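I opened this file to look up packing, charged pairs and strand pairing. My notes are below, in the order I made them.

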Amino acid sequence: MVVQIIGRQTLDFTTKEGQLIKGTNLFVAYKDENTEGLKADRFFVRDGVVIPKELKMNDKADVFFDHRGKVEGIVLK
């Protein structure tokens, strides 16, 4: 899925249940056949999935998902 990067948020906290959450929220915009203009969304990228160091705001990237819909790779376009 080709997206435009419009925001980035680093997460590193412990939930009330004691679970450590570490990763990055990527806020993106992309074309969607049922949307006029661009659709906006947020993808959680778990710690361990490589986000290209060169990635900056407004870059286009190809995001790949596993069979459960979790981000498993990001490649700059």
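The entries that follow record what I looked up, residue by residue.

**Entry 1. Status of the model.** I noted before starting that this is a predicted model.

**Entry 2. Nonpolar core.** I looked up the largest nonpolar core and found 14 residues in it. Those with the most contacts inside this core are Val-3, Ile-5, Leu-26, Val-28, Val-45, Val-71 and Ile-74. I then listed the elements that give two or more residues to the core: β1 (2-14), β2 (20-31), β3 (38-46), β4 (60-65) and β5 (71-76). The largest share, 3 residues, comes from β2.

I took Val-28 from that list and looked up its contacts, leaving aside neighbours within four places in sequence. On one side of the numbering I found Val-3, Gln-4, Ile-5 and Ile-6. The other contacts of Val-28 are Lys-39, Ala-40, Asp-41 and Phe-43.

**Entry 3. Strand pairing.** How many bridges join β1 to β2? I counted 10, and the two strands run antiparallel. Gln-9 stands opposite Asn-25 in β2. The hairpin of β1 and β2 has 5 residues between the strands, and in this hairpin Gly-18 takes a positive phi near 90 degrees.

I repeated the lookup for β2 and β3, which are also antiparallel and are joined by 9 bridges. I noted two positions here. Phe-27 stands opposite Arg-42 in β3, and Ala-29 has Ala-40 as its bridge partner in β3. The hairpin of β2 and β3 has 6 residues between the strands, with Gly-37 at a positive phi near 85 degrees.

For reference, I added that side chains in a regular strand alternate between the two faces of the sheet.

**Entry 4. Asn-25.** I went back to Asn-25, which lies in strand β2. Is Asn-25 buried or exposed? Its relative accessibility is 6%, so Asn-25 counts as buried, the limit being under 20%. I looked for a polar partner and found the side chain of Arg-42, in polar contact with the side chain of Asn-25 at 3.3 Å. Leaving aside neighbours within four places in sequence, I listed Gly-7, Arg-8, Gln-9, Leu-11, Arg-42, Phe-43 and Phe-44 as the contacts of Asn-25.

**Entry 5. Aromatic pair.** I searched the whole structure for aromatic pairs and got 1. The rings are those of Phe-43 and Phe-65, with centres 5.3 Å apart. Why does this pair count as edge-to-face? The ring planes stand at 80 degrees, and planes over 60 degrees apart are classed as edge-to-face. The pair links distant parts of the chain, since Phe-43 is in strand β3 and Phe-65 in strand β4, 22 residues apart. I checked accessibility for both rings' residues: Phe-43 is buried at 12% relative accessible area, whereas Phe-65 is partly exposed at 29%.

**Entry 6. Salt bridges.** I looked up salt bridges and found 2 in the structure. One joins Lys-56 to Asp-59, with the closest N and O atoms 3.5 Å apart. In this pair Lys-56 is exposed, with a relative accessible area of 52%, whereas Asp-59 counts as buried at 16%.

Another is formed by the side chains of Arg-68 and Asp-66, at 3.7 Å from N to O. Which of these two residues is exposed? Arg-68 is, at 58% relative accessibility. Asp-66 counts as buried at 17%. I wrote down the limit as well: a value under 20% is buried, so Asp-66 falls on the buried side of that cut-off.

**Entry 7. Val-50.** Where is Val-50 found? I located Val-50 in the loop between β3 and β4. Its relative accessibility is 63%, so Val-50 counts as exposed, the cut-off being over 50%. I also took one distance from this residue: Val-50 and Thr-10 are 13 Å apart in space, C-alpha to C-alpha, and 40 residues apart in sequence.

Technical notes
Residues are numbered from 1 along each chain as its sequence is written. This is a predicted model: local features need pLDDT of at least 70, side-chain atom pairs count only at pLDDT 80 or more; totals for chains, interfaces and linings use all residues. Side-chain values use heavy atoms; hydrogens and water are left out. A nonpolar core is a set of buried Ala, Val, Leu, Ile, Met, Phe, Trp, Tyr and Cys residues joined through side-chain atoms within 4.5 Å. Buried means under 20% relative accessible area, exposed over 50%, partly exposed in between (1.4 Å probe, protein chains only). Helices (H or I, at least four residues) and strands (E, at least two) are DSSP runs, numbered from the N terminus. Contact means heavy atoms within 4.5 Å. A salt bridge is a side-chain nitrogen of Lys or Arg within 4 Å of a carboxyl oxygen of Asp or Glu. Rings of Phe, Tyr and Trp (its six-membered ring) pair if their centres lie within 6.5 Å; planes under 30 degrees apart count as stacked, over 60 as edge-to-face and the rest as tilted. Two strands pair if DSSP finds at least two bridges between them. A polar contact is a pair of N or O atoms within 3.5 Å; within protein, one must be able to donate a hydrogen and the other to accept it, and residues adjacent in sequence count only if both atoms are side-chain atoms.
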